[in-house]
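Me: I've got this one open on my screen and I'd like to go through the wording with you. Can you walk me through the reasons behind the labels?

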Amino acid sequence: MNLDGLNVAQKEAVLSVEGPILVVAGAGSGKTRVLTHRIAHLIESYDIFPSSIMAITFTNKAANEMKSRIEALVGPVTSQMWVGTFHSLCVRILRRDGHHIGYSRDFVIYDTADQKALIKTCFKALNLDEKQTPIKTFQYKISGCKNDMVTPEAYEINFHKDPRERDFIKLYKMYQDKLKSNQALDFDDLLIKTIELFKKYPEVLETYQKKFKYIHVDEYQDTNKAQYMFVRMLSAKHRNLFVVGDGDQSIYKWRGADIRNILDFEKDYPGAKIVKLEQNYRSTQNILDLANGVIKKNPGRRDKNLWTDAEAGEKIRYFQAYDEKDEARFIVNQIKREIREGNFNQTDFAILYRTNAQSRVLEEALNIEAIPYKVVGGLKFYERKEIKDLMAYFKLMVNGYDDVSFLRVINEPKRSIGDKTIERLNAHALERGTSLLEACATVHEIDGIGGKTAEAIAEFYKIITGLKAKLDTEYAGNIFDELVSGIKIIESYEKERSEEADGRIDNIYELKTVIEEFEKRQDHPGLRDFLAETTLKSDQDNIAEVEDGVLLMTLHASKGLEFPSVFLVGLEQNLFPSFRAQDDMEELEEERRLCYVGITRAEKLLYVTHAKNRNHFGRFEPRMPSVFLNEMDQKLIEVMGERSLAAALKDAKPKEISVFDIKTPKKNPYFANVTQKEAPVVEKTEQTFAPGDKVTHRVFGAGMVVTVDKVNNTLTIVFDAHGIKKLDPAIAPIKVIG
DNA sequence: GATGCTGCGCAGAAA
DNA sequence: GCGCAGCATC
């Protein structure tokens, strides 16, 4: 194994073989290189079977890249390795061994839309009012529970006394029951159920423990409790756990990631070896200095300072726009200029923003100048209605218990089947204890469904069961054709005679191509695997090898990627950092890490922009510059645009002082302004809080005080809809109720 | 039961 | 500025 190309720290990491190892890998420090070389080294120098190696990555794209890079080092042995995301590896385990806990190999995976639909049917059954509690609130809450491994039973034990929790307890239970009877798992279940399997069947766990002697986890800082548990259980026997991560890039707290997993690694795995990678191979020194300066403002992090051999490079370019359109125009002009001057080509640019909604204006500006671009994320191919419909048909063929998919397509295309019919069908199914699809078999026995409606249902049933019988013998492409002609979906869209419908028809044909390609690629093709793979696709997975244009994406989606030239846009208070961080210090720290992630995506050139005004909900509003701009070292920054810094300052109203006027921001000066303006002063008068107090927060709604920390001046509050927050009572818009 | 219109609420990030 | 829910109409 040739390790000449590695630096000292990287070599040390690669050559560490036994025991728990944490590699603290700063942005751009070559962690993928370390991971791939370490695995190659295991195989080549230690004769470790590839089949006893597991590597968990954040995206499928990262997994594939890792596989091909290892292959380049040691040859084609990687098919034996288990490389994938937490979710895909769990699917693999559950397909094999899920039967122990009552799941057939044909289980389906519910995405957030399916999940929402199922919660909706639970709402109906429980007579809950959507207006009282939006479905989304409960959806988040269920996911939050699962990320923390809180079962419905455990939740009930803890909260049954609280009348406000009664609805949720009932809903959570019913939701889980229905998932089970539908033979479906949501994203979070994939992990939860795998852990449940391991706990209930230690002999199953043991076979996996024995098999996987070496386990690797990438992006360890973003693991949640369930993922932590999964890794911990699997690695318990051999204790050869190699994790790579960077606490400064932890940006997924909101989906349960627990930064303590990486901070406490030595405690969890005594005797762990720690290797720090601080040399950066991606960015110029100026970009790194800017990033280091910003992230330093976060307390309680592992000290780490990125450095590079590379030159200082260009300064960071700052632009203050009049509004979001002006910001977009500036960006497009810069891109045009850089291309014209031959410094970059169009594939070198990425525009990073905080919220998806910001992409629209940017797209319009790019369109005007005919610059090709691709938006990563947003409405994905598999989220389009016509595609989801067809996928639901497939799910139903694979798994007839899937009532959610049944309800999605029973009247799609239109078969004149409405609420009444579905109610009757549902009652019939309930009575017989069958799935909705099975209930269709005896549709002629149902009172109130007759004539054309009964015929339509019988026909539907015939198509599904007919195709189901061919699943294992017929090519997926042929099944697709039979389905499409059977349900007359093309004809139905043709009838609409609209451009939109034509687009949908194109997408349907596109889906066929995708299925056929999948079939060619896989060793054991099957719709089951196709469905799982597409459901578990991430935004990053959808970026093609060679994109021929500017990439637009959220900061979250940009994690792990790099671009020669980056625009970090919309650096405004209450946008980036998000309005939800305005008086929540932990949230603000996470936003700051997000800012750090954004800055460190850039290789050569970085732009930071903000607008003085922005349309929000269709209203034109003035905007304050982001606190993060204050935190950037202005020596590294060059001001762009015809509007000089001096002019920008003169323009600004007295309160809108330029960000560069503020020397050492202790607390964000804009917080005070914003909260005073929006929250009546009454709410801010001196209040005392005690544990147990019911409070209400302007943004987070109702909650209860759990702890009062007078030393750090922090309240810990559990909010009904937003989970646990640590707030500063002096600035948070909260008041005691009841 | 299907279709089309209006108005409300809203958008933080996702496998 | 957009999407969805609810309502009116065919």
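Reply: Sure. Let's start with a cut-off: a polar contact is a pair of N or O atoms within 3.5 Å. Keep in mind that this is a predicted model.

Me: What makes the pairing of phenylalanine 617 with DNA strand C a polar contact?

Reply: A backbone N or O atom of phenylalanine 617 sits 3.2 Å from a base oxygen of DNA strand C. The limit is 3.5 Å, so this pair counts as a polar contact.

Me: Which other contact of that kind is there with DNA strand C, and to what part of the strand?

Reply: Look at lysine 120: an N or O atom in its side chain is 3.3 Å from a phosphate oxygen of DNA strand C. Around this strand you'll find Lys120, Arg360, Phe617 and Gly618. By class that is one nonpolar, one polar and two charged residues.

Me: Why is one of those four called polar?

Reply: Gly counts as polar in this scheme, so Gly618 takes that label. Phe counts as nonpolar, while Lys and Arg count as charged, so Phe617 is the nonpolar one and Lys120 and Arg360 are the charged pair.

Me: Now DNA strand B. How many residues surround it, and which are the closest?

Reply: There are 31 residues around DNA strand B, and the closest are Tyr140, Arg354, Asn356, Ala357 and Arg580. The classes come to eight nonpolar, eleven polar and twelve charged residues. Helix 6 (135-147), helix 9 (187-200), helix 19 (419-432) and helix 26 (585-599) each give at least two residues to this surface. Helix 19 has the largest share, three residues.

Me: How do you know that the protein meets bases of DNA strand B as well as its backbone?

Reply: Take the atoms of DNA strand B within 4 Å of the protein: 44% belong to sugar or phosphate, and the rest to bases. Among the polar contacts, threonine 421 has a polar side-chain atom 3.0 Å from a phosphate oxygen of DNA strand B, and for lysine 380 the distance from a side-chain N or O atom to a phosphate oxygen is 3.4 Å. Glutamate 587 goes to a base instead, with a polar side-chain atom 3.2 Å from a base nitrogen.

Me: On to the helices. Why are helix 5 and helix 6 called roughly perpendicular?

Reply: Their axes cross at roughly 115 degrees and come within 10 Å. The perpendicular range is 65 to 115 degrees, so the pair gets that label. The crossing is right-handed. Lys120 is here too, one of the helix 5 residues that meet Ile135, Phe138, Gln139 and Ile142 in helix 6.

Me: And what makes helix 4 oblique to helix 9?

Reply: The axes of helix 4 (residues 86-97) and helix 9 cross at roughly 50 degrees. That is not under 35 degrees, nor in the 65 to 115 range, nor over 145, so helix 4 is oblique to helix 9. Helix 4 passes helix 9 in a left-handed crossing. The contact has ten nonpolar, two polar and two charged residues.

Me: Why do helix 17 and helix 24 get the oblique label?

Reply: The axes of helix 17 (residues 385-398) and helix 24 (residues 499-521) cross at roughly 45 degrees, and the perpendicular range starts at 65 while parallel needs under 35, so they are oblique. Helix 17 passes helix 24 in a right-handed crossing. Their contact has seven nonpolar, one polar and three charged residues.

Terms used: Residues numbered from 1 in each chain as written. Chains lettered and ligands numbered in written order. Predicted model: local features only at pLDDT ≥ 70, side-chain atom pairs only at ≥ 80, totals over all residues. Heavy atoms only, no water. Axes fitted to C-alpha atoms, helices over the stretch in contact; angles between N-to-C directions. Helix = DSSP H or I, 4+ residues; strand = E, 2+ residues; numbered from the N terminus. Left-handed = near helix turned anticlockwise from the far one by under 90°. Near = heavy atom within 4 Å. Polar contact = N/O pair within 3.5 Å; in protein donor to acceptor, adjacent residues only side chain to side chain. Contact = heavy atoms within 4.5 Å.
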